[in-house]
Amino acid sequence: MIEQVLSFLGALMDQTGLAHLWWGNVVMIAIGCAMIYLAIAKGYEPLLLVGIGFSCIISNVPGSDLTQPGGLFHYAYEGVQLLVVPPLIFFGVGAMTDFAPMIANPRLVILGAAAHLGIFVALIGAKLLGFTLKEAGAIGIIGGADGPMAIFMTVKLAPHLLPQISVAAYSYMALMPLIQPPVMKLLTTPAERKIRMKQSRQVTRLEKIAFPIVIGIIVNLFFPPVAPLITMLMLGNLFREVLVVNRLARTAANDLMNVIIIVLTVAIGSTMAADKFLTIDTIEIVVLGLVAFLFGTGSGVVGAKILNLFLKEKINPLLGSAGIASVPIAARVSHNVALQYDKENFLIYHAMGPNLAGVFGTAISGAIMLALLGVH
Amino acid sequence: MPDALYGALMLSFIDFFTSMVMISGIGVVLALFPLLNRLAKIDEEALRKSHH
């Protein structure tokens, strides 16, 4: 009888998650807790890290049904995989973005491509480490510093790497104020950092309304692989700029964006299962992501200095690093570094030009990559 | 594109320089935007009053 009871208790224990817990789960639960700590105590990207951290914890508790088919986190991930969530993120971003700095300074737009050398350095590095070309492309796009684009490209090229790439992309975006300034200072002189920019021209309402329509047409004509993302970005922006549908623009920029952030973060965290995340690939992807950001920052600054060779009115080369698409973080970094050397040199408006152009730069790089790799 | 280092280098070279050209094209389009103001002018105050 005692044997029967013990056998029954053993069977009951086997059905609990505790019986399947291994050290990897414990490590990932600790990582999830660390993310929540950073969000609350240090204020690092709380909108992202709280959701990602919590769903990372839950997805590493064996037996959790939330991450299994039928569970809510599973369906959140389906929304990412089916590429429903990334375009909706861009829709909300478009509704909150003023593209006037980009429209007013078209000559700075090229910095939005110059700062993307990091994508290709990371891509080549990934290939040298043994990743396939498609995996290397997905890893490289981390250097574009555009979360939705990184997710979009990874789902198309290497969906099995989505947890690592999305966590790396969003983590490095939050760390840009630490990563970028040393590179920017290494590649510029104190005199260059003090260059003041002339005030930009005023952009009219007609131009602001025409912008999303014109760009929507161009992107669908020339870059169809990434058209879903940029089209939704432009739709959100059109809602903002026409001034006659303010309630729709407000919904897109606030309530819808909040819902999508919740869905996105639990989806990303739910993929951070220990058996998939604690691999050598993850370490390599994290290192390559850092390499991409460092080279992207450097190439943007150098790009601005090369541009200055052809300009009578020099631009501040610190604007070059803002060409990395992390809006508005990279622009803010350029502005803050400039302020350290001249307390009255306010670069933020000018830095937003290449920063916004960087979104298109990443999209264009991604579209060309998908076309060259034969992925639709 | 061959799945080899050569393919990665080719992809990177073509992608980087093509995207520079493409985004420069967008810059040229934006440089033409001020011409739109000769075609029409929008009464922003009237737009703001008619919002939904």
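What share of the contacts in chain A with a separation of 6 or more comes from residues 24 or more positions apart? The figure is 73%. Keep that in mind as you go round this predicted model.

**Stop 1: the whole of chain A**

Select chain A and colour by secondary structure. You should find 20 helices and zero strands. Along the principal axes, the C-alpha trace spans about 95 × 45 × 45 Å. The radius of gyration is 22 Å, which agrees with the value near 21 Å expected of a compact globule with 376 residues. Now colour by burial: buried residues make up 54% of the 376 residues in this chain.

**Stop 2: the nonpolar core**

Next, show the largest nonpolar core, a set of 132 residues. The residues with the most contacts inside this core are A:Ile139, A:Ile142, A:Ile165, A:Ala267 and A:Ala363. Helix H20 of chain A, residues 348–372, gives the most to the core, with twelve residues. In soluble globular proteins, nonpolar side chains tend to be buried together.

Centre the view on A:Ala363 and bring up its surroundings. Leaving aside residues up to four places away in sequence, A:Ala363 touches A:Met149, A:Phe223, A:Val226, A:Leu229 and A:Ile230.

**Stop 3: helix H4 and its cover**

Select residues 72–81 of chain A, which form helix H4. Which residues of this helix are buried? They are A:Phe73, A:Ala76, A:Tyr77 and A:Val80. These four lie on the same side of H4(A), because they cover an arc of only 100 degrees around the axis. An α-helix has 3.6 residues a turn, so residues three or four places apart point the same way.

To see what lies over the buried residues of H4(A), add helices H3 (46–59), H5 (85–96), H10 (147–157) and H16 (246–270) of chain A, which are among the elements that cover them.

**Stop 4: two positive phi angles**

Step just past H4(A) to A:Leu83, in the loop between H4 and H5 of chain A. Although A:Leu83 is not a glycine, its phi is positive, at about 60 degrees. Is A:Leu83 buried, exposed or partly exposed? It counts as partly exposed because it has 16 C-beta neighbours inside 10 Å.

Then jump to A:Ala145, in the loop between helix H9 (133–140) and H10 of chain A. A:Ala145 is not a glycine either, and its positive phi is about 55 degrees. With 33 C-beta neighbours inside 10 Å, A:Ala145 counts as buried.

**Stop 5: a cis peptide bond**

Zoom in on A:Val327 and A:Pro328. The peptide bond joining them is cis, with omega at about -5 degrees. A:Pro328 sits in the loop between helix H18 (280–308) and helix H19 (329–341) of chain A.

**Stop 6: where chain B touches chain A**

Finish by turning on chain B. How many residues does the contact take from each chain? There are 34 residues from chain B and 38 residues from chain A. On the chain B side, helix H1 (5–31), helix H2 (36–39) and helix H3 (44–49) each supply at least two residues. Select H1(B) for a good view of this side, since H1(B) gives the most to it, with 20 residues. Coloured by class, the side of chain B that touches chain A shows 19 nonpolar, ten polar and five charged residues.

Technical notes. Residues are numbered from 1 along each chain as its sequence is written. Chains are lettered from A and ligands numbered from 1 in the order in which they are written. This is a predicted model: local features need pLDDT of at least 70, side-chain atom pairs count only at pLDDT 80 or more; totals for chains, interfaces and linings use all residues. Two residues are in contact if their C-beta atoms, placed from the backbone, lie within 7 Å. Ala, Val, Leu, Ile, Met, Phe, Trp, Tyr, Cys and Pro count as nonpolar, Asp, Glu, Lys and Arg as charged, and the others, Gly among them, as polar. A residue is buried if 20 or more other C-beta atoms lie within 10 Å of its own, exposed if 12 or fewer, and partly exposed in between; C-beta atoms are placed from the backbone. The arc is that of the directions from the helix axis to the C-beta atoms. A nonpolar core is a set of buried Ala, Val, Leu, Ile, Met, Phe, Trp, Tyr and Cys residues joined through C-beta atoms within 7 Å. The radius of gyration is taken over C-alpha atoms; the globule rule is 2.2 Å times the number of residues to the power 0.38.
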